[in-house]
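User: Hello! I am new to this structure and would like a friendly tour, one question at a time.

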Amino acid sequence: MNTRLLWWVWPPLVGGLSLVGFTVIDLGEDVFITGMLVLGPLFAFLAALIGTRVPGNPISWLMLVVGLAVPVGASIYPFIPTSAPAEATFWLAVGVAFIEFSWVLFIFPVLLMLYLFPTGSFLTPRWQWAGWLTAGMVGTMVFFALFSEQLSSTEHGWSVPTPFGFIPVTFFEGWFGPVWGALLAILALGGLVAIVIRYRRSNLEERTQLKWVVFSASAFAVFYAATASSSDYFTATNFFSVGYAVTFGLLPVSMTVAITKYRLYEI
């Protein structure tokens, strides 16, 4: 199949997985997940648009990962047992870890896009620290999720020991949480600084193309940094939670406008 045509396979696939997701989640309680199921096809569309016009731009792959993260997790959900299993197998651990930590697969690619949009490369080699930090944090979370002493399903309320795990659950209750939140805040604010610098260095025409992305990225970075640095990260105040969800949704919308209306892919 032609590589460019292959990109257009992803939007209907992600759309189908999103429809599956709508059948297995509580739309009233999982507001953010519901929003991600709606935004997933949009991210996949953007990935196809950029992937066909600028095949080497890594932003297309980042957008595809974001689009797939929640729909794939929702599709795995029906296969997770509702009660504690007799044995925690490796593949069950993979499935549960994917659902519990799928947020890693849509937060980090979006943060990295702030550094790479729209050219697909960092401003200068000095900014590559963001890429290394992103890779290190994602790898750390995946490693911890797979090799924790306890395998837990938050949705179903069960927890069982894992024969292959060796990381104590108490590890996450110590210094790890505050350090993790601080690094997330640094990554978010760094992305804001990067895209503002790119905006200031551009000419008048490029500024017109970038202004909406700068606005949405600024709002997202501020709300996300405030949420990530909260002492109670996963139950942040309603104000920050709502602002975070809304500004997250503005990002793909503004990028869609920049790419389709202002032909940003030609920069």
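**Pockets, cores and confidence**

User: How much space lies in the second largest pocket?
Analyst: A pocket is an open set of points on a 1 Å grid over the protein atoms alone, with protein on both sides within 12 Å along at least five of seven lines. Grid points are joined across faces, edges and corners, and the volume is what probe spheres set on them fill. For the second largest pocket of this predicted model, that space is about 160 Å³.

User: Which element gives the most to the lining of the second largest pocket?
Analyst: Lining residues have an atom within 4 Å of a point; here they include V94, F98, F101, L105, V138, M141 and L146. Helices (DSSP runs of H or I, at least four residues) and strands (E, at least two) are numbered from the N terminus. Two or more lining residues come from each of α5, α6 and α7. The top contributor, with five residues, is α7.

User: How many residues of that second pocket's lining are nonpolar?
Analyst: Ala, Val, Leu, Ile, Met, Phe, Trp, Tyr, Cys and Pro count as nonpolar, Asp, Glu, Lys and Arg as charged, and the others, Gly among them, as polar. The lining has no charged residue and one polar residue. The number of nonpolar residues is eleven.

User: Which helix gives the most to the lining of the largest cavity?
Analyst: A cavity is a set of points where a 1.4 Å probe fits but cannot get out. The search of the whole structure finds one of 30 Å³ or more, and the largest holds about 40 Å³ of space. Its lining consists of Y77, I80, V96, I99, E100, S153, E155 and H156, which divide into four nonpolar, two polar and two charged residues. Three of the lining residues come from helix α5.

User: Which helix gives the most to the largest nonpolar core?
Analyst: Such a core joins buried Ala, Val, Leu, Ile, Met, Phe, Trp, Tyr and Cys residues through side-chain atoms within 4.5 Å. This one has 58 residues, and M63, F106, L111, M113, F220 and F248 touch the most other members. Helices supplying at least two of its residues include α2, α3, α4, α8, α9 and α10. The greatest share, twelve residues, comes from α6.

User: How many residues are in the second, separate core?
Analyst: Among its members are I80, L92, A93 and V160. I80 also helps to line the largest cavity. The size of this second core is eight residues.

User: Is T247 buried or exposed?
Analyst: T247 is found in helix α10. Buried means under 20% relative accessible area, exposed over 50%, partly exposed in between (1.4 Å probe, protein chains only). At a relative accessible area of 5%, T247 is therefore buried.

User: How many helices does the protein chain have?
Analyst: Residues are numbered from 1 along each chain as its sequence is written. The pattern along the protein chain is α-α-α-α-α-α-α-β-β-α-α-α. Alongside two strands, the helices number ten.

User: Which element has the highest mean pLDDT?
Analyst: pLDDT is the predictor's confidence in each residue, from 0 to 100, and the chain averages 78, with 82% of the residues scoring at least 70. Local features need at least 70, side-chain atom pairs count only at 80 or more, totals for chains, interfaces and linings use all residues, and side-chain values use heavy atoms, leaving out hydrogens and water. Helix α1 has the lowest mean, 69. The highest mean, 89, belongs to α7.
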